[in-house]
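Colleague: Could you take me closely through one part of this model, namely one strand and its neighbours, and then turn to the salt bridges?

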Amino acid sequence: MKLLYNNHHQNRTQRMAFAGLIVILLPIFVPNLFEPLGRASPTMFSEWNAPKPRHSSLLKIALHRQIPTEQQSELWSPLVSQGWRPCAESTALPKKSRGYVQVFLDGGLNQQRMGICDAVAVAKILNATLVLPHLEVNPVWRDSSSFADIFDVDHFISSLRDEISIVKELPSEYSWSSREYYATGIRDTRIKTAPVHASANWYLENVLPILQSYGIAAIAPFSHRLAFDNLPTNIQHLRCKVNFQALVFVPHIRKLGETIVHRLRHPPGKLQASGTEFHKGRIGDSEVTGAGKFTVLHLRFDKDMAAHSACDFGGGKAEKLALAKYRQVIWQGRVLNSQFTDEELRNQGRCPLTPEEIGLLLAALGFNNGTRLYLASHKVYGGEARISTLQKLFPLMEDKKSIASAEELAKIEGNMHNALVGHRAYLNLKTIRPNMTLLGKLFLNKSMGWTEFQHAVRNGHKNRLGHIRLRKTKQSIYTYPAPDCMCQS
């Protein structure tokens, strides 16, 4: 889970960093920012009875919390310099291309974005020309968007023109090399054995000979097919340049992001969305946290996550049976967490936070009930019943349906959570990473009072407010950009 927030004092560069997909806040894994919220589909969750709040004593006080001005100021203040700055030096364009490289990218948008960055790096390793990557239809989200539907192709090509040659399509003599061609038989020009996290030498030994023989090589599958470690510095810098500079959204996506950010900073008394009015109510403008400030909560608490965690979320026997049945259908019961008790899982920080628990976390950190909260989420398990407690804690909560019209959202779907986390670190923007192990233990303690809970939460998150985390072995440079994509000031 990640938590981010923003205010109107940030400069234009910082604003553009999250204008396309908006800011990110509180998830463990990727959610889907532009998928419908579960609140719109209450019948999907008819197998369980909506639980009552599980932390009533904390909730009772949190609903009437008063946050000192000093704490508010500290909470909203920008991060000071941490001694790191973005850097991605350019390298020379090869004098002659050895051929064309094609990649076919499956997975979700976050996975496909990483694949695009890796494809540029592999083409550079091979001194080859990259064909604009093909994005496969995602079987889960059923998203058929092409590269050009999501990213600005001309900007992508021009940003990298001094590093690598990229073409939008193959020349006529290679027009036979298509997805359909490779789907109908074994082809000498297709590489389907690239290992996960392959080294640069693997590509030189296994793909280069095909390029030299045929002038083209198609790699599929390609997701996670390039190592994060033991690569030349110039290749790592190139991956960073692709991710943080070359990949920008098409204009209509950028415009929608900017529009939503503007509406969050300067909200009218009511918003018109999909033919219904969303009234703010309960809090007057004088009580609203400073004009221009808002927080984005990137929540993932869908049925997949709830079931896979094997945790107890308070829905009683009916919910436990329903989630167990779901685990059996989707994963044939092969879920590692199932062997542990709920208490063991929570002590290990393995249980996703419910909307109620996330609300209590935010309240303990110092966000008052005048905070403008934008809920970015896929379908929430439990719909309105689960979200209602969070809404009580933050009555100025918005979601995409309340802040934008159906027409504005019609062509937008997908999420790139990991990329956004990395981009905010790259720009030194505040991002709160919930301490899951600490919170699991705190929420197990039913005798803990609000003051003690608030103190423990604040102490446990002092170093989790956007502080640079150096990438460890095997971790993604796209999520942890230092030190590969950044230089010490």
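Modeller: The account below begins with strand β3 and then moves to the salt bridges.

This is a predicted model, in which local features need pLDDT of at least 70 and side-chain atom pairs count only at pLDDT 80 or more, whereas totals for chains, interfaces and linings use all residues. Residues are numbered from 1 along each chain as its sequence is written, and side-chain values use heavy atoms, with hydrogens and water left out.

Strand β3 covers residues 100–105; helices (H or I, at least four residues) and strands (E, at least two) are DSSP runs, numbered from the N terminus. Of the 6 residues of β3, 5 are buried, where buried means under 20% relative accessible area, exposed over 50%, and partly exposed in between, with a 1.4 Å probe and protein chains only. Two strands are said to pair if DSSP finds at least two bridges between them. β3 pairs with β4 (residues 129–131) in the parallel sense over 2 bridges, and valine 101 has leucine 130 of β4 as its bridge partner. Between β3 and β4 the chain passes through helix α4 (residues 109–125), giving a right-handed β-α-β crossover; right-handed here means that, with the strands pointing away from the viewer, the path from the first strand over the helix to the second runs clockwise. β3 also runs parallel to β8, to which 4 bridges join it; there glutamine 102 is partnered by alanine 218. A further parallel pairing, over 2 bridges, links β3 to β5 (residues 134–135), where phenylalanine 104 stands opposite histidine 134.

As for salt bridges (a side-chain nitrogen of Lys or Arg within 4 Å of a carboxyl oxygen of Asp or Glu), the whole structure contains 14. One of them joins arginine 471 to aspartate 229, at 2.9 Å from N to O. Aspartate 229 lies in the loop between β8 (216–219) and α10 (233–246), and arginine 471 in the loop between α21 (450–460) and β15 (486–488), 242 residues apart. Arginine 471 is buried, at 15% relative accessible area. Shared partners join Asp229, Arg471 and Asp484 into one network of salt bridges.

Another salt bridge connects arginine 254 with aspartate 152, at 4.0 Å from N to O. This pair spans 102 residues, from the loop between α5 (147–150) and α6 (153–159), which holds aspartate 152, to helix α11 (residues 251–265), which holds arginine 254. Aspartate 152 is buried at 19% relative accessible area, whereas arginine 254 is partly exposed at 26%.
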